[in-house]
Amino acid sequence: MWSLEVSWLALGLAVVCITAAGTRLVAIADEVADRTGAGEALIGATLLGAVTSLADITAVTSAAAQGYASLAVSTAVGGIAAQTAFLAVADVTLRRVNLEHAAASLPNLLSATVLLLILSLILVATLAPPMSLWSIHPVTPLLLLAYALGMRLVGAGHQQPMWQPRITHETRLDLRAENHPPRSGLSLALGLLSTGAVVAGSGWLLGESGQALIHHLGLAETAVGAMVVGVGTSLPELITSVAAVRRGALTLAVGGIIGGNTFDTLMVGVADVAYREGPIYQHVDAPDRTLIALTLFMTAVVLLGLLYRQRRGPGNIGLESVVILIAYALAMVLINLRY
C-alpha cells in the first residue's frame, strides 16, 4: 500500500500524463474518421471511446481484483457521470450555439440510447436476486452483447440513415477535412498505441492512489471512486471533447463523450470478472445504485437535448447542460450524505 504522500504525487502525475495524451488523441481520431469515412460519431463511440477508457480499465480492474467492489463500480459509473458533466463544460466553450444543437446526428442519438439500455441492465443486476455462473453474473455477457449490437446500429445509422436532423445555419455537418498533415497509417497506429499506453498507465496510478486514500484517510469507496478516481480517469474525455470543439469537430466531441460512456459501462462487466468474491453487483451499496440512477437521468437529459435541439439557453449554453451540471452536483452530494 502506497503512503499518503506517494498517492498524492501519483494522482498529480496521472493528471499531467492524461492531459498531454488527450490533446494528441483527438487529432488522431479526427484524422482516422476522415480517412476511413466511418464518421466522427462512430469513431468517437468506438476508437476514441475505447482509448480514453483505458484508464478506467486499469483502475477498475485493480480495485476489483483487490476486493474493492464499491470502488470498482463507482469508478466506472462515476466516470460516466463526470464525462456527461464534461459535455456541459464543452458546451460552455462553444459560445455561438448550443453544442447538442450543432452536433445532432443519428449515430449520436443511437449511441445515447444504447448507453441508457446498458446502464439499465447494470441497475437491474444490482437489484435482482443473487445469481451467478462461475462467479460471474449473467448480466455481464449481456453488457458485451448489447454494446456490440448497439455499435453495429450506430455504424448503420451513419452509412444508411433512416432519419436526418433538420439542417440549420448552426448545424455542423460531419464532413471530411482535406487539411490533415501527411502521415502514414503506421504513424497513426503508433500514435494511438503510445497515447493509449500513457492513458492506461495513468489509470493504474489513479486506481492504486484511490485505494491508498481509502486506507489512510478512511474515506468511503463510493465517494473516492466517483469523485477522485472516476473524475481522474475521465479527464481524457474532457480534454478530447474541448479539443474537438476547438477543431470544429463537434460530432466527434459529442460522440467521444457518449461513446466513451457507453464503452465504460463494460468496465462494470470487467470488474465482475476480476472480482473473485462472487458477482460484484450484489456487493455494491445503496450509494452506488443512487449514482447509477442519476447517471441514467443525466444521459436521458443529453438525449432529450440532442432531440429537442435548443439553439441557445441560459448564458448561451443549452438548458440541458445546466440541468446536467445540477444533477451531477446533486449526485456528488447524495453519495456523501449516505455516509
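Thr299 is a buried residue, since its relative accessible area is 3% and burial is taken as under 20%. The model described here is a predicted one, and this residue is a convenient place to enter it. Thr299 belongs to helix α11, which covers residues 286-308. Once its neighbours within four places in sequence are set aside, the residues in contact with Thr299 are Ala112, Leu115, Leu116 and Leu119. One of these pairings spans a long stretch of chain: Thr299 and Leu115 are separated by 184 residues in sequence, yet their C-alpha atoms are 7.7 Å apart in space.

Leu115 also leads to a second threonine, because it appears in the contact list of Thr262, which, with neighbours within four places in sequence left aside, consists of Ser111, Val114, Leu115, Ile118, Tyr147 and Met151. Thr262 sits in helix α10, made of residues 250-274, and is buried, with a relative accessible area of 0%. Its side chain also reaches a backbone atom, namely the oxygen of Ile258, at a distance of 2.8 Å.

Tyr147, listed among the contacts of Thr262, takes part in the one aromatic pair that the structure holds. The partner is Phe263, and because the ring centres are 5.7 Å apart and the ring planes stand at 80°, the pair is classed as edge-to-face. Tyr147 is in helix α7 (residues 139-159) while Phe263 is in helix α10, so the pair ties together parts that lie 116 residues apart in sequence. Both rings belong to buried residues, with relative accessible areas of 10% for Tyr147 and 16% for Phe263.

The accessibility values of the residues discussed here, including one from the surface, are set out below.

| Residue | Relative accessible area | Class |
|---|---|---|
| Thr262 | 0% | buried |
| Thr299 | 3% | buried |
| Tyr147 | 10% | buried |
| Phe263 | 16% | buried |
| Trp8 | 47% | partly exposed |

Trp8 brings the account to the surface of the model. This residue lies in helix α1, which runs over residues 4-36, and its relative accessibility of 47% places it in the partly exposed class, because that class covers values between 20% and 50%. Together with Leu217 and Leu219, Trp8 makes a nonpolar surface patch of about 300 Å².

How values were computed
Residues are numbered from 1 along each chain as its sequence is written. This is a predicted model: local features need pLDDT of at least 70, side-chain atom pairs count only at pLDDT 80 or more; totals for chains, interfaces and linings use all residues. Side-chain values use heavy atoms; hydrogens and water are left out. Patches are made of residues with over 30% relative accessible area and no salt bridge: like charges are joined within 9 Å, nonpolar side chains (Val, Leu, Ile, Met, Phe, Trp, Tyr) within 5 Å. Accessible areas come from the Shrake-Rupley method with a 1.4 Å probe; for residues, only the protein chains shown count as cover. A salt bridge is a side-chain nitrogen of Lys or Arg within 4 Å of a carboxyl oxygen of Asp or Glu. Helices (H or I, at least four residues) and strands (E, at least two) are DSSP runs, numbered from the N terminus. Buried means under 20% relative accessible area, exposed over 50%, partly exposed in between (1.4 Å probe, protein chains only). A polar contact is a pair of N or O atoms within 3.5 Å; within protein, one must be able to donate a hydrogen and the other to accept it, and residues adjacent in sequence count only if both atoms are side-chain atoms. Contact means heavy atoms within 4.5 Å. Rings of Phe, Tyr and Trp (its six-membered ring) pair if their centres lie within 6.5 Å; planes under 30 degrees apart count as stacked, over 60 as edge-to-face and the rest as tilted.
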